[in-house]
Structures are given as C-alpha cells and as structure tokens.
Amino acid sequence: MSVNNKRVFYVKYLANEIYADILRARPDVRLDRLENESSDEVSAPILAAAHAYQVGAARDELASHFHVDHDLLRRAPNLLIVSSNGAGYDPVDVEACTAAGVLVVNQSGGNAHSVAEHALAMLLTLSKRIIQADRALRRQPNVNRNDLIGTEAQGKTIGIVGLGNVGRRIAALCRGLLGMNVLAYDPYLSATQMAERGGEKVKLDELLRRSDYVSISCPLTKESRGMIGPREFALMQPHAYFITTARGFIHDEAALLEALNYKLIAGAGLDVWAKEPPPPEHPLLR
C-alpha cells in the first residue's frame, strides 16, 4: 500500500475543485484544507508537515498569519514550494522564500481570456451606459432616452498598463473588434516586444493623457502599489474611463472617489478592491 508521503495544504479557497480531485486521486499525496479561523492546534501540525502550499486567496481575503512570510516559513520547516493561483502573488514574500530555499510559482495566463473579456465587458458597459439605463428603466416612468446617450468605442484609444498575458489579450480584442488604438506602459518589455503584442510603448503619464480608456492589468508589487493616485487621475481626460481587473491597492480608492466626484474622469469599472468584497457602505458603491 502506498504511503501519503507528500503533504499539500490550502486555506479556504481553490480556483477549481478539480485541483482537489486530482490530488485526492493520488495515493502518495495528502491534501489538507485550513480555514482563516483554524486554531493553532489544528493548523500547526499541518504547517509543520507541509511540502507544498497552494495559495488560493488574495491578500485581503487571506488571514495575515497565513501570508507566506518569515513567520510562516519558520512554522513550515519542510516547505519546498508555494504556488499561487493566477498571476498575482501578493500574499507571498518572495525574498523571504528565496532566503529559505522555497520555490515560488504562479499560474500566469491561466485565466487570461476570461479576464480580458471581463475588461472589454466593462469598457462597453461604461461606454453604452448600460447599468444607468437598466436602473432608470426599472425605476422611473417616461425615461428620456436622450439623457442616456452613450459613446462609441470604435476607433478610440485604450491605454493598457501591463502588457502581459491579460494585457496583450485586451489589446487584441480592442484592436480586432473595435479598431482601437492601443497604447501600453510596461517597464519590463521593449518597444519591439510591445509592438509584437499589439501596443505602442509609452510612458505612464503619456498613456494617461492620451487614452480614452485606461485599463490596469499588472500584478501588485512594491513598484505598482499606489501607482494610480490623485496625480495620475488628474492627468486623465474628463471623458475617459478607468478600468481595472488587476489588484486592489494599485489604484488609490480615495483618489478615484475624488476624481469621480469632481468629474475629472467620466467613470470607472472595478473588478478589484482594497477589501474584497467591499462593504455595502463603501462610498464608491454610491
């Protein structure tokens, strides 16, 4: 009989249950699930025996004591690898893992098509004022259609911050479907590489000034945290829309609220928040 000699654990969330199905079908692997609220009595022996940690939740959704830092690495002396769902790995201190000899991997590109389609859906929803029109039609008699005129995306300019797996797919959709001009900011790619991915390489300030739509699709890192704040929103055009499918904390929510209140920009499509899900009283939800 095979012995369960490989130990894998995760906390609260998996991207898909097929992960658990595959590992549970292997007699040489034991898969453990912890909750954010799991006591030390429950979690300590699992961490101590673990060889692999599948991180399935974003930083704010994951209890701080399950972030991969020096403390967790101390509690998991047998850990060999940390694997993060999707491209983002913000709950993981890569430098601490490197010092401890623990490999860090992510699943970059696995959901690129879905995320890019979602960004395009928000772009069109904002342009055509679909949500406002739907709410007005349900709540108000004698809706004046002229009060809900949208705008065309055809031939407009989209600025994409981060031209990786998601960003390049957004570029392809916008160019192919809508004939849009694509500007891109990505300090890790050359102008030639960005042209091959469908974007014109520009500085961030130029992208913000020239774009009718600004789409964020870069990971949350020390460099990108707080990258879009009051100064950056002020550079955008008054008719421009801000869209993000990346991570909370890349944009400053208070600065975005001010930009919307003072009509510095026309609107925003948000798939990510500093706290997820955002509380119902969040001012941006108003």
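Here are some questions and answers about a predicted model of a protein chain.

Q: How many helices and strands does the protein chain have?
A: This is a predicted model, so what follows describes computed coordinates. Along its principal axes, the C-alpha trace spans about 70 × 50 × 35 Å. The count for the protein chain comes to 11 helices and 11 strands.

Q: What share of the residues in the protein chain is buried?
A: A residue counts as buried when its relative accessible area is under 20%. The protein chain has 286 residues, and the buried share of them is 44%.

Q: What percentage of the contacts with a separation of 6 or more comes from residues 24 or more positions apart?
A: Leu-220 shows what such a pairing can look like, since it is in contact with Asp-90, among others. For the protein chain, residues 24 or more positions apart account for a share of 63%.

Q: How far apart are the mean positions of the positive and negative charges?
A: The tally is 32 positive and 33 negative charges. Average the positions of each set, and the two means are separated by 4 Å.

Q: Which strands are the edge strands of the open sheet of 5 strands?
A: The order of this sheet is E2-E1-E3-E4-E5, with parallel pairing. An edge strand pairs on one side only. That description fits strand E2 (29-34) and strand E5 (103-106).

Q: Which residue in E2 stands opposite Val-11?
A: Strand E1 (residues 6-11) runs parallel to E2, and 6 bridges join them. Val-11 is in that pairing, and opposite it stands Leu-34.

Q: What angle does the direction of helix H2 make with that of E2?
A: Helix H2 covers residues 40-49 and packs on the sheet. The strands touched by H2 are E1 and E2. Its direction and that of E2 make an angle of about 145°.

Q: In the open sheet of 6 strands, which strands are at the edges?
A: Reading across the sheet gives E8-E7-E6-E9-E10-E11, and the pairing is parallel. The edge strands pair on one side only, and they are strand E8 (200-201) and E11.

Q: Which residue in E9 is the bridge partner of Ile-158?
A: Strand E6 (residues 157-161) pairs with E9 in the parallel sense over 4 bridges. On the E9 side, the partner of Ile-158 is Tyr-213.

Q: Which strands does H5 touch?
A: H5 packs on the sheet, and its direction makes about 155° with that of E10. Helix H7 (residues 165-178) packs there too, touching E6, strand E7 (181-185) and E9. For H5, the strands touched are E6, E9, E10 and E11.

Q: Which residue in E10 is the bridge partner of Tyr-213?
A: Strand E9 (residues 213-216) and E10 run parallel, joined by 4 bridges. The partner of Tyr-213 in E10 is Tyr-241.

Q: Which residues of strand E10 are buried on its two faces?
A: In a regular strand the side chains alternate between the two faces of the sheet. Strand E10 spans residues 241-244, and both of its faces are covered. The buried residues are Tyr-241 and Ile-243 on one side, with Phe-242 and Thr-244 on the other.

Q: Is Ser-215 buried or exposed?
A: Ser-215 is found in strand E9. Beyond its sequence neighbours, it touches residues including Ala-119, Ile-158, Ile-170 and Ile-243. Its relative accessible area is 2%, so Ser-215 is buried.

Q: Is Leu-220 buried or exposed?
A: Leu-220 lies in the loop between E9 and helix H10 (230-235). Its contacts away from its sequence neighbours include Arg-225, Arg-247, Phe-249 and Ile-250. With a relative accessibility of 6%, Leu-220 counts as buried.

Q: What is the phi of Arg-129?
A: Most residues other than glycine have a negative phi. Arg-129 sits in the loop between helix H5 (112-128) and helix H6 (130-139). Its relative accessibility is 26%, so it counts as partly exposed. Its phi is positive although it is not a glycine, at about 55°.

Q: What is the relative accessible area of Phe-249?
A: Phe-249 is in the loop between E10 and helix H11 (253-261). Its phi is positive, near 80°. Phe-249 is partly exposed because its relative accessible area is 34%.

Q: Which residues does the cis peptide bond join?
A: Most peptide bonds are trans. This cis one has an omega of about -10°. Pro-277 is in the segment after strand E11 (267-270), and the bond joins Glu-276 and Pro-277.

Terms used. Residues are numbered from 1 along each chain as its sequence is written. Side-chain values use heavy atoms; hydrogens and water are left out. Buried means under 20% relative accessible area, exposed over 50%, partly exposed in between (1.4 Å probe, protein chains only). Contact means heavy atoms within 4.5 Å. Lys and Arg count as positive and Asp and Glu as negative; His and the chain ends are not counted. The place of a charge is taken as NZ of Lys, CZ of Arg, CG of Asp or CD of Glu. Two strands pair if DSSP finds at least two bridges between them. Axes are lines fitted to C-alpha atoms, for helices over the stretch in contact, and angles run from 0 to 180 degrees between N-to-C directions. Lists of a residue's contacts leave out its neighbours within four places in sequence.
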